[in-house]
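Subject: Structure handover

Hello,

Here is the structure for you to take over. Please open it alongside this message; the notes on what was found follow below.

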Amino acid sequence: VGRGRWCRLGKRRRRRPIGGGPRSAAPASRFSASRSAACTTRPRATGGPNRAEVYSSAGGWIQMPTQEEWPLFPHLFLTRDGRLFYDGGNMFPNPRAPQPGFLDIPTSTMTSVTLPEGFSQNRDHCGSVLLAPAQEQRFLIMGGGDPAINSAHIIDLKAAEPAFEEVAPMIHARFHINAVLLPDRTVFVSGGNGQSEIAATA
């Protein structure tokens with residue numbers, strides 16, 4: 001891995017055929033040295049409570065200006081226009097989580113999206129999925145909370161004013177969700193629990 005991006009090695013060991021005999025030559029890599037080196041220059045973002053940091057091989061770690069309180073493991077997605085979309089998913093908001101919206105990395109500004117009436121921001125351990133096709137920029141958020149909720153919402157980032165819209169709820173309220181996008185573009189949800197540390201609700 002080259003600082004956040006997988007890179008193929010230029011050479012690999014030649015293997016001796018079973019039963020002896022000369023080793024076969026390893027095929028040449030289709031990645032040039034210059035292309036592999038480019039893997040080290042892509043910026044990436046990370047951070048912790050109340051801040052974010054951006055890394056590049058040219059400048060190292062650069063701390064962005066102070067922002068709202070970020071929770072642990074925020075659900076962030078890179079959008080087509082280069083911004084980061086935070087859909088509200090998180091773990092253990094401390095003491096609270098910012099409202100869902102877009103983080104513009106160059107300016108370190110957050111732009112919130114419209115939330116419908118009754119939209120719960122208590123999304124601790126919820127599920128988040130980028131729906132297919134990815135070019136449509138539609139995201140599904142479901143469940144979360146403690147005790148858990150069963151509500152689900154979809155947001156279309158291509159809209160002039162993106163806003164969450166409520167869709168059919170899950171059959172069971174749950175958090176610690178396993179959500180998988182299937183080949184037929186449906187979302188399969190499994191596992192989870194209704195309330196923290198309560199085996200009867202699992």
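**Charges over rings**

Arg 123 lies over the face of Phe 119, and the distance to the ring centre is 4.7 Å. Please keep in mind throughout that this is a predicted model. A second arginine is placed in a similar way: Arg 83 lies over the face of Phe 102, at 3.9 Å from the ring centre.

**Aromatic rings**

Both of those rings belong to a wider group. Ring pairs link Phe 77, Phe 85, Phe 102, Phe 119, Phe 139 and Phe 164 into a cluster. Searching the whole structure gives six aromatic pairs. Two of the pairs are described here.

For Phe 77 and Phe 139, the ring centres are 4.7 Å apart and the planes stand at 55°, so this pair is tilted. The two residues come from distant parts of the chain: Phe 77 is in strand E4 and Phe 139 is in strand E9 (residues 138-142), with their positions 62 residues apart in sequence. Are these two residues buried or exposed? Phe 77 has a relative accessible area of 18%, which is under the 20% limit, so Phe 77 is buried. Phe 139 also counts as buried, with a relative accessibility of 2%.

Phe 139 takes part in another pair, with Phe 85. Here the ring centres are 5.5 Å apart and the planes are at 45°, so this pair is tilted as well. Phe 85 lies in strand E5 and Phe 139 in strand E9, so the pair ties together parts that are 54 residues apart in sequence. Phe 85 is buried, its relative accessible area being 0%.

**The sheet E4 to E7**

Four strands make up an open sheet, ordered E4-E5-E6-E7, with antiparallel pairing. Its edge strands are E4 (76-78) and E7 (109-112), each of which pairs on one side only. From one strand to the next, the twist averages 25°.

Within this sheet, strand E5 (residues 84-86) and strand E6 (residues 101-104) run antiparallel and are joined by three bridges. Which residue of E6 stands opposite Phe 85? That residue is Phe 102, the ring that has Arg 83 over its face. Phe 85 and Phe 102 are also both members of the phenylalanine cluster.

The loop between E5 and E6 holds Gln 99. The side chain of Gln 99 reaches the backbone oxygen of Val 113 at 3.0 Å. In sequence these two residues are 14 residues apart, and their C-alpha atoms are 7.8 Å apart in space. Gln 99 has a relative accessible area of 29%; this falls between the 20% limit for buried and the 50% limit for exposed, so Gln 99 is partly exposed.

**The sheet E8 to E11**

Another open sheet has four strands in the order E8-E9-E10-E11, and here too the pairing is antiparallel. Strand E8 (127-130) and strand E11 (164-167) are at the edges with a single partner strand each, so one side of each has no neighbour in the sheet. The twist from one strand to the next averages 25°.

Strand E10 (residues 152-156) runs antiparallel to E11, and four bridges join them. Ile 155 stands opposite Phe 164 in E11, and Phe 164 is one of the residues in the ring cluster.

**Backbone points to check**

Where are the cis peptide bonds? One joins Ala 132 and Pro 133, with omega about -5°. Pro 133 is placed in the loop between E8 and E9. Another joins Asp 146 and Pro 147, with omega about 5°, and Pro 147 is in the loop between E9 and E10.

Positive phi values in residues other than glycine include those of His 176 and Arg 185. Phi of His 176 is near 55°, and the residue is found in the loop between E11 and strand E12 (178-181). His 176 is partly exposed, with a relative accessible area of 42%. For Arg 185, phi is about 75°. Arg 185 is in the loop between E12 and strand E13 (187-190). The relative accessible area of Arg 185 is 52%, over the 50% limit, so Arg 185 is exposed.

Regards

Conventions:
Residues are numbered from 1 along each chain as its sequence is written. This is a predicted model: local features need pLDDT of at least 70, side-chain atom pairs count only at pLDDT 80 or more; totals for chains, interfaces and linings use all residues. Side-chain values use heavy atoms; hydrogens and water are left out. Two strands pair if DSSP finds at least two bridges between them. Axes are lines fitted to C-alpha atoms, for helices over the stretch in contact, and angles run from 0 to 180 degrees between N-to-C directions. Buried means under 20% relative accessible area, exposed over 50%, partly exposed in between (1.4 Å probe, protein chains only). A polar contact is a pair of N or O atoms within 3.5 Å; within protein, one must be able to donate a hydrogen and the other to accept it, and residues adjacent in sequence count only if both atoms are side-chain atoms. Rings of Phe, Tyr and Trp (its six-membered ring) pair if their centres lie within 6.5 Å; planes under 30 degrees apart count as stacked, over 60 as edge-to-face and the rest as tilted. A charge sits over a ring if NZ of Lys or CZ of Arg is within 6 Å of the ring centre and within 35 degrees of the ring normal.
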